[in-house]
Amino acid sequence: MIFITAKFRVRPEDADTWPRIAADFTEATRAEPGCLWFDWSRSLDDPTEYVLVEAFRDDAAGAAHVQSAHFREAQRTLPPHLAETPRIVNATVPQQDWSRLGEMAVPGDE
């Protein structure tokens, strides 16, 4: 799978409404057949920073995502709300879902 984590620093005046600002893009991406997950989290240390964790089935699904109409629309509508260019980590990993964190196993959860 293609595993991506991106940090978005949002303009302070848009920080509280960022989930609504990105809602159409988020919903459309989650509906893509090759999207495994697309989840936003807000930093506990910096209220203007959001972290996006996303995964796509394979290279073809990732390519379809960046070539989609909703991605092009996001390229136009999201940057005016950003304080800086997002930072990204993009990797191909040999799995299709989350692995369990054995070091923190919950007894009986198998």
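**Exercise 1. Find which element gives the largest share of the lining of the largest pocket, then describe that pocket.**

Solution. Start with the lining: H3 contributes five residues, the largest share. Keep in mind as you work that this is a predicted model.

Next, take the volume, which is about 460 Å³ for the largest pocket. Its lining has 23 residues, and those closest to the centre are Phe-8, Phe-25, Glu-54, Phe-71 and Ile-88. Now map the lining onto the elements: two or more residues each come from strand E1 (2–9), strand E3 (49–56), helix H3 (59–66), helix H4 (69–77) and strand E4 (87–92).

Finally, sort the lining residues by character: 17 are nonpolar, four are polar and two are charged.

**Exercise 2. Write down the pattern of helices and strands along the protein chain.**

Solution. Count the elements to begin with: the protein chain has four helices and four strands. Then read along the sequence, and the pattern comes out as β-α-α-β-β-α-α-β. For a sense of extent, the C-alpha atoms fill a box of roughly 45 × 35 × 20 Å along the principal axes.

**Exercise 3. Work out the order of the strands in the sheet and say whether the pairing is parallel or antiparallel.**

Solution. A reminder helps here: strands of a sheet pair through backbone hydrogen bonds, in a parallel or an antiparallel way.

Step one is the pair E2 and E3, which is antiparallel and joined by seven bridges. One residue pair to look up is Ser-41 with its bridge partner Val-51 in E3. These two strands make a hairpin, with six residues between them.

Step two is the pair E1 and E4, also running antiparallel, with six bridges. Here Ile-4 has Asn-90 of E4 as its bridge partner.

Step three puts the strands together: the four form an open sheet in the order E2-E3-E1-E4, with antiparallel pairing. Strand E2 (35–42) and E4 are the edge strands, as each pairs on one side only. On average, neighbouring strands are turned by 10° against each other, direction ignored.

**Exercise 4. Determine which strands H3 touches and how its direction relates to that of E3.**

Solution. Look at the contacts of H3 with the sheet: this helix packs on it and touches E1, E2, E3 and E4. Then compare directions, and you get about 130° between H3 and E3. As a second case, helix H2 (residues 23–30) lies across E2 and E3, and runs at about 155° to E2.

**Exercise 5. Classify the ring pair of Trp-37 and Trp-98, and explain what the pair ties together.**

Solution. To describe a pair of aromatic rings, use the distance of the centres and the angle of the planes. The count of aromatic pairs in this model is 10. For Trp-37 and Trp-98, the centres are 4.9 Å apart and the planes make 25°, so the pair is stacked; the cut-off for stacked is under 30 degrees.

Now locate both residues: Trp-37 lies in strand E2 and Trp-98 in the segment after E4, so the pair ties together parts 61 residues apart in sequence.

Terms used:
Residues are numbered from 1 along each chain as its sequence is written. This is a predicted model: local features need pLDDT of at least 70, side-chain atom pairs count only at pLDDT 80 or more; totals for chains, interfaces and linings use all residues. Side-chain values use heavy atoms; hydrogens and water are left out. On a 1 Å grid over the protein atoms alone, a cavity is a set of points where a 1.4 Å probe fits but cannot get out, and a pocket is an open set with protein on both sides within 12 Å along at least five of seven lines; lining residues have an atom within 4 Å of a point. Grid points are joined across faces, edges and corners, and a volume is the space filled by probe spheres set on the points. Ala, Val, Leu, Ile, Met, Phe, Trp, Tyr, Cys and Pro count as nonpolar, Asp, Glu, Lys and Arg as charged, and the others, Gly among them, as polar. Two strands pair if DSSP finds at least two bridges between them. Axes are lines fitted to C-alpha atoms, for helices over the stretch in contact, and angles run from 0 to 180 degrees between N-to-C directions. Contact means heavy atoms within 4.5 Å. Rings of Phe, Tyr and Trp (its six-membered ring) pair if their centres lie within 6.5 Å; planes under 30 degrees apart count as stacked, over 60 as edge-to-face and the rest as tilted.
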